[in-house]
2 protein chains.
Amino acid sequence: MISSQGLAHLSGVTSAQVRKDLSCFGNFGKRGLGYQVARLKKEIRLILGLNRRWKVALVGAGNIGSALFSYKEFRRQGFDIAAVFDVSPDRVGQRLKDLHILNVDSLKPETERLGLEIGVIAVPARAAQAVADRMVHAGMRGILNFAHRKLFVPPQVALRNVNLAVELESLSFSIKALNLRPGRKARR
Amino acid sequence: MISSQGLAHLSGVTSAQVRKDLSCFGNFGKRGLGYQVARLKKEIRLILGLNRRWKVALVGAGNIGSALFSYKEFRRQGFDIAAVFDVSPDRVGQRLKDLHILNVDSLKPETERLGLEIGVIAVPARAAQAVADRMVHAGMRGILNFAHRKLFVPPQVALRNVNLAVELESLSFSIKALNLRPGRKARR
């Protein structure tokens, strides 16, 4: 068993927030006893859609793409990169571990053949919208975008953006804000 | 000049939100005319702490770390990775472009010598808190954490987490949620 206080400590939010958030999805806890860990874990995986495996297409086999391909946590959480695509003649046909890098022109037939559902975009910003359009056309249900560009997709396709440079920008903003706090000596 | 409607279209929020957000930081626009692009850009860079360059220490020279090192957008936004550290004897002493990978034991003296201010953690989850502690001890002002682990740092240090697996989990959640919408045929 774990209490909402225990979960709050691990996740860095308040115990009231833990109880409130979980209650949005069902009645998982027992008053005074807390949550049964095994059941809670299973329920959360179900809520997040992690009670199954997802087949992922990676488009872009450069630095970021290759790193994502090797990132073990994806597979551990149920996301299998089942095909890798690129546009560059230098990369198409090369191997990335057990996969051959395919030409992005074959995205639609491969998506249908392999049952790919999620697309990961790891291409330069200027190419990102065209790749997103191809993914939508191929029937992808969700897109994870690493390119430094706002993308437009139809409402039936889920989209998440990971902008690594913006993360550093948020950090420099926070550092500035911390230094401006009353009682702290501004460092510059 | 650009209108708040124009900014809203580019950023995917409402024009009211654009005006409200910018008004938190000052009076940048002219009623009926909009915002002067060059001035707005300069003001936003100032707000975000991007009117200067930041020296960054990267700890972890594996897949993710190497990809981050090669990620050009960081430098473009003012973040220079000035030192790379690792713990593995296989990696320490190797070169990553123009830098030698240093032993993480030298983090504190190198931080002082080079004036490093931001630390990027790209190590396995189990090692992440120890690296964060070293960064705090070395005097880093901000930490960007890529490890799959909640970290604890003192309040005077800014912390941001990028959890790549959680991004895919959020996406699978959104895909599920889209399929549950009324009027859509559930696909599974």
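Here are some worked exercises on a predicted model with chains A and B.

**Exercise 1. Work out whether chain A is spread out or a compact globule.**

Start with the make-up: chain A has eight helices and nine strands. Next, take the radius of gyration, which is 21 Å for chain A, and set it against the 16 Å that the globule rule gives for 188 residues. The value is well over the rule, so chain A is more spread out than a compact globule. For a feel of the dimensions, the C-alpha atoms of chain A fill a box of roughly 60 × 50 × 35 Å along the principal axes. Then check burial: 46% of the 188 residues in chain A count as buried. Last, look at contacts in chain A with a separation of 6 or more: 48% of them come from residues 24 or more positions apart.

**Exercise 2. Describe the side of chain B that touches chain A, starting from the residue counts and ending with the classes.**

Step one is the head count: 57 residues of chain B are in contact with 57 residues of chain A. Step two is the area, and here about 5200 Å² is buried between chain B and chain A, with carbon and sulfur atoms giving 68% of it. Step three is the polar side of things: 10 residue pairs are in polar contact across the interface of chain B and chain A, both partners being at pLDDT 80 or more.

Now ask which elements of chain B do the touching. Those that give two or more residues are α1 (4–11), α3 (37–47), α4 (63–70), α5 (72–76), β8 (142–145), β9 (158–161) and α8 (164–180) of chain B. The largest share is 14 residues, and α8(B) supplies it. Sorted by class, the side of chain B that touches chain A has 30 nonpolar, 15 polar and 12 charged residues.

**Exercise 3. Find out where the partners of the salt bridge between E167(B) and R160(A) sit, and how accessible each one is.**

The count between chain B and chain A is two salt bridges. One salt bridge brings together the side chains of E167(B) and R160(A), at 2.8 Å from N to O. For accessibility, E167(B) comes out at 14% and counts as buried, while R160(A) has a relative accessible area of 28% and is partly exposed.

To compare, pick a pair within one chain. R39(A) and E43(A) form a salt bridge with their closest N and O atoms 3.5 Å apart. R39(A) and E43(A) are both in helix α3 (residues 37–47) of chain A, four residues apart, or about one turn of the helix. By contrast, E167(B) lies in helix α8 of chain B and R160(A) in strand β9 (residues 158–161) of chain A, so that pair joins two chains. As for the helix pair, R39(A) is partly exposed at 37%, and E43(A) is partly exposed too, at 21%.

Over all chains the count is 22 salt bridges. Some residues link up further: R52(A), E117(A) and R141(A) form a network of salt bridges.

**Exercise 4. List what D80(A) touches and which side chains it meets in polar contacts.**

First, place the residue: D80(A) is in strand β4 of chain A. With a relative accessible area of 17%, D80(A) is buried, because the cut-off for that is under 20%. Leaving out residues up to four places away in sequence, D80(A) touches R53(A), W54(A), K55(A), V56(A) and R75(A).

Next, pick out the polar contacts. The side chains of D80(A) and R53(A) are joined at 2.8 Å, and the side chain of D80(A) also makes a polar contact of 3.4 Å with that of R75(A).

Finally, peek at chain B. D80(B) forms a salt bridge with R75(B), the closest N and O atoms being 3.4 Å apart. D80(B) is buried, at 16% relative accessible area.

**Exercise 5. Locate S88(A) and say which backbone atom its side chain reaches.**

S88(A) sits in the loop between β4 (79–86) and β5 (95–96) of chain A. S88(A) has a relative accessible area of 19% and is buried. Its side chain reaches the backbone nitrogen of D90(A) at 3.1 Å.

Terms used
Residues are numbered from 1 along each chain as its sequence is written. Chains are lettered from A and ligands numbered from 1 in the order in which they are written. This is a predicted model: local features need pLDDT of at least 70, side-chain atom pairs count only at pLDDT 80 or more; totals for chains, interfaces and linings use all residues. Side-chain values use heavy atoms; hydrogens and water are left out. Contact means heavy atoms within 4.5 Å. Buried area is the accessible area (1.4 Å probe) that two parts lose on being put together, summed over both. A salt bridge is a side-chain nitrogen of Lys or Arg within 4 Å of a carboxyl oxygen of Asp or Glu. A polar contact is a pair of N or O atoms within 3.5 Å; within protein, one must be able to donate a hydrogen and the other to accept it, and residues adjacent in sequence count only if both atoms are side-chain atoms. Ala, Val, Leu, Ile, Met, Phe, Trp, Tyr, Cys and Pro count as nonpolar, Asp, Glu, Lys and Arg as charged, and the others, Gly among them, as polar. Buried means under 20% relative accessible area, exposed over 50%, partly exposed in between (1.4 Å probe, protein chains only). The radius of gyration is taken over C-alpha atoms; the globule rule is 2.2 Å times the number of residues to the power 0.38.
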